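Colleague: I would like a close look at one part of this model, with its surroundings explained step by step. Please keep to plain terms, since I am new to reading structures.

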Amino acid sequence: MTRLASAFSKGRPALVTFITGGDPTPDATPAILDALVAGGADVIELGLPFTDPMADGPAIQAANIRALEAGTKTADIFRIAAEFRARHPETPLVLMGYANPMITRGAEWFAGECVKAGVDGIICVDIPNEEDAEIGPALREAGIAFIRLATPTTDKARLPAVLENSSGFLYYVSVAGITGKQQAAVDTIAQAVAHLKAGTDLPIAVGFGVRTPEQAAAFAAHADGVVVGSALVDLVAQHGANAAEPVRALTQALAEAVHKAREPA
């Protein structure tokens with residue numbers, strides 16, 4: 001069983017957390033990643049800094065700028081990932097970002113670096129299934145999960161194309177907008193998850209707009225996982241190199257809420 005499969009096979013919902021690699025600096029990122037693990041995150045998404053993060057709201061946009069201004073390179077992200085894997089051999093690590101850093105040196109190069117660094121999966125926001133050939137074959141050949149995104153506008157006609165060659169889990173973007181700015185109603189999440197599960201056996205992780213343990217628990221009552229990013233990125237913005245402990249504390253509160261979301265009251 002892969003690390004990703006194991007994370008979603010514990011008999012309760014999983015907490016998926018996101019931070020931007022290199023924010024506030026490449027040297028500060030490892031401690032923040034360790035804090036996510038210590039807090040109980042089941043899966044960690046590590047953002048690849050990019051100049052034009054078009055799907056992200058102000059918090060993650062600013063994190064990308066901070067990381068790039070700190071001199072973060074793709075090589076730094078792979079170094080951070082490799083060192084993380086050495087410290088945490090069981091925790092799934094997913095790289096999330098945009099196509100340019102992933103394919104500028106060739107998809108085979110990128111997939112090979114993922115293997116060497118112990119990366120489990122990739123989320124690429126701006127490579128839809130129609131452009132799968134840009135990176136999908138290289139990832140699959142290397143055994144790296146290609147995690148795709150579904151949205152509120154992914155109808156029954158579109159869903160099979162989104163699911164084709166998807167692996168790891170399906171990331172449901174719960175709002176038709178950017179990260180961190182709004183939250184979907186719980187009843188729409190229940191309906192969306194049921195719609196998606198009718199078409200796939202992949203775990204469904206719901207993200208965008210989840211900021212508090214209460215919100216995370218409400219979503220976890222219906223989904224296989226809940227993704228939290230902007231709230232953690234805000235802590236990094238606030239505390240900088242001293243963000244590890246605040247990040248651990250929020251992650252612990254989120255993990256407890258998500259993990260217990262389906263337990264009897």
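Modeller: What follows starts at one loop and then moves outward to the helices and to some other loops. The model is predicted.

The part to look at is the loop between β1 (14–20) and α2, where Asp23 is found. Pro24 has its place in the loop between β1 and α2 as well. Asp23 and Pro24 are joined by a cis peptide bond, with omega at about 5°. This deserves a remark, because most peptide bonds are trans.

Is Asp23 buried or exposed? Its relative accessible area is 2%, and buried means under 20%, so Asp23 is buried. The side chain of Asp23 has a polar partner: a contact of 2.7 Å with the side chain of Arg66. Leaving out residues up to four places away in sequence, Asp23 touches Thr29, Ile32, Ala63, Arg66, Ala67, Val233 and Val236.

On the strand itself, Thr17 lies in β1. Thr17 has 0% relative accessibility and therefore counts as buried. With residues up to four places away in sequence again left out, the residues touched by Thr17 are Leu36, Ala41, Val43, Ile44, Glu45, Val228, Leu232 and Thr251.

Next come the helices. Two packed helices are described by the angle between their axes and the distance between the axes. Helix α2 (residues 29–39) packs against helix α4 (residues 74–87) at an angle of about 40°, and their axes are 10 Å apart. Angles under 35 degrees count as roughly parallel, and 65 to 115 as roughly perpendicular; α2 and α4 are therefore oblique to each other. The crossing in which α2 passes α4 is right-handed. On the α2 side the contact is made by Thr29, Pro30, Leu33, Asp34 and Val37, and on the α4 side by Ile80, Phe84 and Arg87. Sorted by class, this contact of α2 with α4 has five nonpolar, one polar and two charged residues. Thr29 thus appears in two places: it is touched by Asp23, and it takes part in the contact of α2 with α4.

Helix α4 also packs with helix α6 (residues 107–117), here at an angle of about 30° and with the axes 8 Å apart. Since angles under 35 degrees count as roughly parallel, α4 and α6 are roughly parallel to each other. From α4, the residues making the contact are Thr74, Phe78, Ala81, Ala82 and Arg85; from α6, they are Trp109, Phe110, Glu113, Cys114 and Ala117. By class, the contact of α4 with α6 has seven nonpolar, one polar and two charged residues.

A further helix pair involves residues already named. Val236, touched by Asp23, and Leu232, touched by Thr17, are among the residues of α11 that meet α12. The axes of helix α11 (residues 230–239) and helix α12 (residues 244–259) come within 9 Å and cross at roughly 160°. Angles over 145 count as roughly antiparallel, so α11 and α12 are roughly antiparallel to each other. Their crossing is right-handed. In full, Ala231, Leu232, Leu235, Val236 and His239 of α11 meet Pro246, Val247, Leu250 and Thr251 of α12. The classes in the contact of α11 with α12 are seven nonpolar, two polar and no charged residues.

Another loop with an aspartate lies between α10 (213–220) and β9 (225–228), and Asp224 has its place there. The side chains of Asp224 and Lys197 are joined by a polar contact of 2.7 Å. Not counting residues up to four places away in sequence, Asp224 touches Phe8, Pro13, Ala14, Lys197, Leu202, Pro203, Ile204 and Arg262. Asp224 and Leu170 are 54 residues apart in sequence, and their C-alpha atoms are 9.8 Å apart in space.

Two more loop residues have a backbone angle to note. Most residues other than glycine have a negative phi. Asn165, in the loop between α8 (159–163) and β7 (170–173), has a positive phi of about 65° although it is not a glycine. Phe208, in the loop between β8 (204–207) and α10, has a positive phi near 80°. Asn165 is partly exposed, with a relative accessible area of 37%, whereas Phe208 is buried, with a relative accessible area of 8%.

Note on methods:
Residues numbered from 1 in each chain as written. Predicted model: local features only at pLDDT ≥ 70, side-chain atom pairs only at ≥ 80, totals over all residues. Heavy atoms only, no water. Helix = DSSP H or I, 4+ residues; strand = E, 2+ residues; numbered from the N terminus. Contact = heavy atoms within 4.5 Å. Polar contact = N/O pair within 3.5 Å; in protein donor to acceptor, adjacent residues only side chain to side chain. Axes fitted to C-alpha atoms, helices over the stretch in contact; angles between N-to-C directions. Left-handed = near helix turned anticlockwise from the far one by under 90°. Nonpolar A, V, L, I, M, F, W, Y, C, P; charged D, E, K, R; others polar. Buried < 20%, exposed > 50% of the residue type's maximum accessible area, 1.4 Å probe, protein only.
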